[in-house]
Amino acid sequence: MILVFSLHHKSFKTLLVSSGLILIFLLNYSKQYYDQFTKKHLIFYSIKEKVAIDVIEGLSARLFVESDSTINLEKYSFQINPNRLANRLPPIEETSNPLKKEFQDFGAFRLGTFLNRKILIIDSTTFHLDFKKPINADVILIENNAVKNPEWFKEHFIADHVLLGNSNSYRYVNKMNKQAKSIGFNIHSIGNDGAFVLKIEE
């Protein structure tokens, strides 16, 4: 509108301002597109006591859930689609990818890799196990009240991020949060704190 007005009235100053505004708009749009195109995120959900991991690479997204590919995703779409649409990503489809195919099962825990990040899921009691050296992972997700002693956990596992899923009881989550703080490490409860977003920096 400003550009049309400036051309009509042959105003160089107005033309300069309008050109500058258009350039700023184009640069801002280009930056937003570039940021989205190069974005790599792992988003951890825990829905109806089931683990769900959304793998975001640029303008594509793949959802991995702890069930088979025929699962009804209506309950997942309610929580996941708003975030996807806000980030110019397609809504989840009728089917999903089974999480179990991406993880190696070691009995008490499972280990998998997404976007070159090691993800460890502990969903069975592990306090009776003893390791020769600590197990490293980028993200550890604890389910089913599996870790009974945070001090034992801190001795045997090393992770950048420790998450509690929705299969843990409310009482267990509160207890773990208090005990974890007392020994100096943070826990993110998906049920209390919301979905966890891991930004992948290459």
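Here are legends for a few close-up views of one sheet in this predicted model.

**View 1. Five strands make up an open sheet.** Read across the sheet and you get the order S4-S3-S2-S1-S11, with mixed pairing. Strand S4 (97–98) and strand S11 (196–199) sit at the edges with a single partner strand each, so one side of each has no neighbour in the sheet. Helix H3 (residues 74–86) packs on the sheet, where it touches S1, S2 and strand S3 (60–65). The direction of H3 makes about 150 degrees with that of S1.

**View 2. Strands S1 and S2 run antiparallel.** Let's look at how these two are held side by side: eight bridges join S1 (residues 40–47) to S2 (residues 50–57). You can check the pairing residue by residue: His 41 is opposite Ile 56 in S2, and Phe 44 is opposite Ile 53 in S2.

**View 3. A hairpin links S1 to S2.** Just two residues lie between the strands. Take a look at Lys 48 in the turn, which has a positive phi of about 50 degrees.

**View 4. On to S1 and its pairing with S11.** These two strands also pair in the antiparallel sense, this time over four bridges. Find Phe 44 again: here the residue opposite Phe 44 is Phe 196 in S11.

**View 5. How much of S1 is tucked away?** Seven of its eight residues are buried, so S1 is largely enclosed by the rest of the structure. For the setting, remember that S1 has S2 and S11 beside it in the sheet order, and that helix H3 touches S1 as well.

Terms used: Residues are numbered from 1 along each chain as its sequence is written. This is a predicted model: local features need pLDDT of at least 70, side-chain atom pairs count only at pLDDT 80 or more; totals for chains, interfaces and linings use all residues. Side-chain values use heavy atoms; hydrogens and water are left out. Two strands pair if DSSP finds at least two bridges between them. Contact means heavy atoms within 4.5 Å. Axes are lines fitted to C-alpha atoms, for helices over the stretch in contact, and angles run from 0 to 180 degrees between N-to-C directions. Buried means under 20% relative accessible area, exposed over 50%, partly exposed in between (1.4 Å probe, protein chains only).
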